[in-house]
There are 2 protein chains.
Amino acid sequence: MSSGRQRSFCKKAALEKAMIVFWCNGYSGTSLADLTEAMGINKSSLYAAFGNKEALFNQVLDFYLELHGSSHSRHLFEQQHTLQERLKNYLSSIARMLTDANLPKGCLICSSTSELAGSCLPEKSSQIIAMINRKTVDFLTEFLKNEQKEQHLTADCDINKIANYLLTLQFGLAVSARNGSELAELLAVIDRAIECFNNTVSL
Amino acid sequence: MSSGRQRSFCKKAALEKAMIVFWCNGYSGTSLADLTEAMGINKSSLYAAFGNKEALFNQVLDFYLELHGSSHSRHLFEQQHTLQERLKNYLSSIARMLTDANLPKGCLICSSTSELAGSCLPEKSSQIIAMINRKTVDFLTEFLKNEQKEQHLTADCDINKIANYLLTLQFGLAVSARNGSELAELLAVIDRAIECFNNTVSL
DNA sequence: GTAATTATGTACCGATAGGTATAGATTGTC
DNA sequence: GACAATCTATACCTATCGGTACATAATTAC
């Protein structure tokens, strides 16, 4: 146990509040005042616990992935379903999160990706976001490669292109949700998007 | 001819410079200093010619649509191609714009849509962006309805869902471009995305 | 030429940005 | 209880935010 006065707030809860604010307003749309108000702490505590705005944002990105980004992939491994069904369940799980009534609309990573390429994001945050997207594609590529090995995908189809297609879909769904689309609409889009696998999925 | 001293800069050229800045950095990531520097004019001239930051942004949105948003749809009406080919050409035209080396990556409307739902955009700008997206879906719906009437689409397919699917695709492509995808990757995604029409396109 | 009109440049405004200094409060260690 | 360590509250910092006042410059109408 470290000595000294102990923190009067729950760090995880505060991080979650910060996440909501960044998720709603983006990095450059969020001020320290927005953060301290939402987190219920003052500036000193924020800086002591999290560093500064940039460091807090980077921790929020991690926290977001853990809380809302990592659970969907389990649908890809439920072997009682066909690959096409699993892909549909995976995307549907994401769509539910994107339109969750208790959360901001859309996806923090996607919105942050839209903030890339300008000068509004700190260098390190930009790198983290780029890496997250790269990892998503890499993960999907590995997954699809294995599916191909197990002959759930035809041997001639380009795995990497399919992974890119899936990420693009996720981005599109996220912005659509941001634009006000409801879950049912996103699910209809997913139905349509999955049809393109009719000829490449063999099981 | 109106009396008084005449403007020393080209309003259209200044608007284009402003467009680039907003396109790169988003609304809340752009400061008046960024704008005046890029436009090569000072604050007084900006306010005299365009109103204020919000009014300038709204004019930029219009200008952007005119310059980079309205030309793609012509591909939908080149009757020598099949509907599937025309859809592909339409999306490919957008993809070329999204990755144009002389322009910021991605799409101003899509990036602005990502800024929606927070408190970072002025009310009127939010309404304009929502309306632009609505008009895109409406346009696509009307187009597809006509294609269905001419029996290029099966009678049972849901036009509105396809229009939504196409808008979602555009969003996804825009964010992917923002994320660093090259034209070839976007074109591959489009190829994949268009395959889902194999069973609904009858001509 | 004079007046009216419009554009520009400079200086300025209050508010807020992100961040820090410092003093006081609260804790564990010894 | 003395001390060190940690957290918190208030005040403060400089820079920048979007926006304006006002004097001056340039142009047309008469």
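So, the two domains of chain A: their centres, taken over C-alpha atoms, are 27 Å apart. Keep in mind that this is a predicted model. Domain 1 of chain A covers 9–63, and domain 2 covers 71–203. Where they touch, domain 1 of chain A puts in eleven residues and domain 2 of chain A puts in eleven residues. If you look at the domain 1 side of that contact, α1 (11–25) and α4 (53–69) of chain A each give at least two residues. And what is that side made of? Seven nonpolar residues, three polar and one charged, on the side of domain 1 of chain A that touches domain 2.

Okay, stepping back to chain A as a whole. You'll count nine helices and zero strands in chain A. Reading from the N terminus, chain A simply goes α-α-α-α-α-α-α-α-α. Put a box around the C-alpha atoms of chain A, along the principal axes, and you get roughly 60 × 40 × 35 Å.

Let me zoom in on one helix pair. The axes of α1(A) and α2(A), which is residues 32–39 of chain A, come within 8 Å of each other, and they cross at roughly 135 degrees. With that angle, α1(A) counts as oblique to α2(A). Which hand does the crossing have, left or right? α1(A) passes α2(A) in a right-handed crossing. If you want to click on the residues, α1(A) brings A:Ala14, A:Lys17, A:Ala18, A:Ile20, A:Val21 and A:Asn25 to this contact, while α2(A) brings A:Asp34, A:Leu35, A:Ala38 and A:Met39. By class, the contact of α1(A) with α2(A) has seven nonpolar residues, one polar and two charged.

Now, chain A against chain B. Here 40 residues of chain B meet 40 residues of chain A. On the chain B side, α1 (11–25), α6 (108–115), α8 (159–178) and α9 (183–194) each contribute at least two residues. Which helix gives the largest share of that side? α8(B), with 13 residues. The side of chain B that touches chain A splits into 17 nonpolar, 16 polar and seven charged residues.

Last part: the DNA. I'll start with strand C. There are 26 residues around DNA strand C, and the closest are A:Arg5, A:Ser31, B:Gly4, B:Arg5 and B:Ser45. For the surface near strand C, α2 and α3 of chain A plus α3 of chain B each supply at least two residues. The largest share there is four residues, and they come from α3(B). Sort the surface near strand C by class and you have six nonpolar, 14 polar and six charged residues.

Then strand D. Again we have 26 residues, this time around DNA strand D, and the ones that come nearest are A:Gly4, A:Arg5, A:Ser8, A:Ser44 and B:Ser31. Here α3 (43–50) of chain A, along with α2 (32–39) and α3 (43–50) of chain B, each supply at least two residues of the surface near strand D. Which helix has the largest share near strand D? That's α3(A), with four residues. And by class, the surface near strand D comes out at six nonpolar, 14 polar and six charged residues.

So if you flip back and forth in the viewer, look at α3(B) for the largest share near DNA strand C, and at α3(A) for the largest share near DNA strand D. That's what I have for today.

Terms used: Residues are numbered from 1 along each chain as its sequence is written. Chains are lettered from A and ligands numbered from 1 in the order in which they are written. This is a predicted model: local features need pLDDT of at least 70, side-chain atom pairs count only at pLDDT 80 or more; totals for chains, interfaces and linings use all residues. A residue is near a molecule or strand if its C-beta atom, placed from the backbone, lies within 6 Å of it. Ala, Val, Leu, Ile, Met, Phe, Trp, Tyr, Cys and Pro count as nonpolar, Asp, Glu, Lys and Arg as charged, and the others, Gly among them, as polar. Two residues are in contact if their C-beta atoms, placed from the backbone, lie within 7 Å. Domain bounds come from an automatic or database domain assignment. Axes are lines fitted to C-alpha atoms, for helices over the stretch in contact, and angles run from 0 to 180 degrees between N-to-C directions. Angles under 35 degrees count as roughly parallel, over 145 as roughly antiparallel, 65 to 115 as roughly perpendicular and the rest as oblique. A crossing is left-handed if the near helix is turned anticlockwise from the far one by less than a right angle, and right-handed if clockwise.
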